[in-house]
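Work through the exercises below with the sequence and the structure at hand. Each task is followed by a solution in steps.

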Amino acid sequence: MTRPAVPATADAASAKAAGGQPKSVWAVAFASVIAFMGIGLVDPILKPIGEQLHATPSQVTLLFTSYMLVTGVAMLITGVVSSRFGAKKTLLAGLAIIVVFAALAGSSGTVGQIVGFRAGWGLGNALFIATALATIVGAATGGVARAIILYEAALGIGIAAGPLVGGFLGHFSWRAPFFGVSVLMAVAFIGLIILLPEAPKPAHPTSITAPFKALAFPGLLLVSATALLYNYGFFTLLAYTPFPLNMGTYSIGFIFFGWGLLLALSSVVIAPKLQRCFGTIRMMALALALFAVDLAVMAAFTDHKPVLIVGTVASGLFLGVNNTLITEAVMESAPVERSTASAAYSFVRFAGGAAAPYLAGKLGEHQASLPFWVGAACTAAAVAVLYSGRKLLAHMDDHAPATHTPAEAAAIALGDD
């Protein structure tokens, strides 16, 4: 199996001109930054949307719920689509859908319309992000580890920049962040058309039942259940915290920008070092336990804004470490194609991400601290689940972190192990 790439001479020239990587890789990385911005983009404008469209917190947080629910379900079909139409067409389809639905969300007149259009945005997001990593790994130079770090960096920058951009544009109007993403995604769409070469399709299309069959492996099911529980805490923090903070769009944007910066730093720099020193499972459990404590402190001091601010920013450290290590665990938890394992895992974990925003909003309407207590309890349960089945993942701490060969990179890119 050969790595999908542009011709060698063009690729070399492109890499030399673009800091060691082909321009196609930077184009996908740029688009990835914008795609991940969509996760936290709405944080600073949740309260303005609620105030101007006369909606309750639970109604407004449905913007997260519809987005995450559709993203999770759509993850089940991304392999089917990309294996039949190719990575480039799948990426472009995802970007086109985001361009349309982000613009429609900005043009909405009711919260219900925004919720519906965010659901469509989630479909485009799933098609794009599920294919972007494989594309970067398949086209990057310098080995798979370097490509994954580049992708993690794009993820971190996007998550960090989303609230900042949302806060800046949201100062003018709650509609502006939606239109801003639509324009940026249109730029990324044009860039991929020009810079990303067509890659060969896999010899055997992916089956739609493959992710469900993958969950029959106890190791993958364990990791997925752990992720479902801690994602409840994660998205409680992300979707609900702006309401008790009750601050302006600029302030909320900068707070979550700091959170995103720490998440990016810990994902790319800190997590690999801790993994080498202490092992994958131990560090996952510790990171999740510290996040549960963080949420509990925020619950105990919900009326104190400085505590909420520090707790929100600090959580980026714990979440960043866990996100990187749990991704490694997914890749090694079942003897299936990595793209299939990722789809199954994402489907389950996004269920937790979808439930949290709405339930947190509802609980917060009765008692401001209750969503944080429930988030802390779910995250603590994630630690218990992980440790109860740690023997299923013991092989991960019996050797050094896996290094993937170029042949495996091609397998990831083509979805065909």
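Helices are DSSP runs of H or I with at least four residues, numbered from the N terminus. The model used here is predicted.

**Exercise 1. Two positions in one helix**

Task: Determine which helix holds S83, and decide whether S83 is buried or exposed.

Solution.
- Step 1. S83 belongs to helix α5, which covers residues 62-85.
- Step 2. The cut-off for buried is a relative accessible area under 20%. S83 has 5%, so S83 is buried.
- Step 3. Along the chain, S83 and P205 are 122 residues apart, yet a distance of 5.0 Å separates their C-alpha atoms.

Task: Do the same for Y67: is this residue buried or exposed?

Solution.
- Step 1. Y67 is also placed in helix α5.
- Step 2. The relative accessible area of Y67 is 1%, so Y67 is buried.
- Step 3. Y67 is 286 residues from G353 in sequence, and their C-alpha atoms lie 9.4 Å apart.

**Exercise 2. Positive phi outside glycine**

Task: Locate H54 and state what its phi is.

Solution.
- Step 1. H54 sits in the loop that runs between α3 (46-52) and α4 (57-60).
- Step 2. Its phi is positive, about 55 degrees, although H54 is not a glycine.
- Step 3. Exposed means over 50% relative accessible area. With 72%, H54 is therefore exposed.

Task: Locate N246 and assign its exposure class.

Solution.
- Step 1. The loop between α12 (242-245) and α13 contains N246.
- Step 2. N246 is a residue other than glycine, and its phi is positive, near 50 degrees.
- Step 3. The relative accessibility of N246 is 46%, so N246 counts as partly exposed.

**Exercise 3. A surface patch**

Task: Which residues form a nonpolar patch on the surface, and where is Y250 found?

Solution.
- Step 1. The nonpolar patch is formed by F168, F172, Y250 and F254.
- Step 2. Together these residues have about 460 Å² of accessible area.
- Step 3. Y250 is part of helix α13, residues 249-278.
- Step 4. Y250 has a relative accessibility of 34% and therefore counts as partly exposed.

**Exercise 4. Helix pairs**

Two packed helices are described by the angle between their axes and the distance between the axes.

Task: How are α13 and α15 oriented to each other?

Solution.
- Step 1. Helix α15 spans residues 305-332, and its axis comes within 7 Å of the axis of α13.
- Step 2. The two axes cross at roughly 40 degrees.
- Step 3. Angles under 35 degrees count as roughly parallel. The α13 and α15 pair is therefore oblique.
- Step 4. The crossing of α13 with α15 is right-handed.

Task: At what angle do α7 and α9 pack?

Solution.
- Step 1. Helix α7 (residues 111-139) packs with helix α9 (residues 176-195) at about 25 degrees, and their axes are 14 Å apart.
- Step 2. α7 is therefore roughly parallel to α9.
- Step 3. α7 and α9 make a left-handed crossing.

Task: How do the axes of α2 and α9 cross?

Solution.
- Step 1. The axes of helix α2 (residues 23-40) and α9 cross at roughly 160 degrees and come within 9 Å.
- Step 2. Angles over 145 degrees count as roughly antiparallel, and α2 is therefore roughly antiparallel to α9.
- Step 3. α2 and α9 have a left-handed crossing.

Note on methods. Residues are numbered from 1 along each chain as its sequence is written. This is a predicted model: local features need pLDDT of at least 70, side-chain atom pairs count only at pLDDT 80 or more; totals for chains, interfaces and linings use all residues. Side-chain values use heavy atoms; hydrogens and water are left out. Patches are made of residues with over 30% relative accessible area and no salt bridge: like charges are joined within 9 Å, nonpolar side chains (Val, Leu, Ile, Met, Phe, Trp, Tyr) within 5 Å. Accessible areas come from the Shrake-Rupley method with a 1.4 Å probe; for residues, only the protein chains shown count as cover. A salt bridge is a side-chain nitrogen of Lys or Arg within 4 Å of a carboxyl oxygen of Asp or Glu. Helices (H or I, at least four residues) and strands (E, at least two) are DSSP runs, numbered from the N terminus. Buried means under 20% relative accessible area, exposed over 50%, partly exposed in between (1.4 Å probe, protein chains only). Axes are lines fitted to C-alpha atoms, for helices over the stretch in contact, and angles run from 0 to 180 degrees between N-to-C directions. Angles under 35 degrees count as roughly parallel, over 145 as roughly antiparallel, 65 to 115 as roughly perpendicular and the rest as oblique. A crossing is left-handed if the near helix is turned anticlockwise from the far one by less than a right angle, and right-handed if clockwise.
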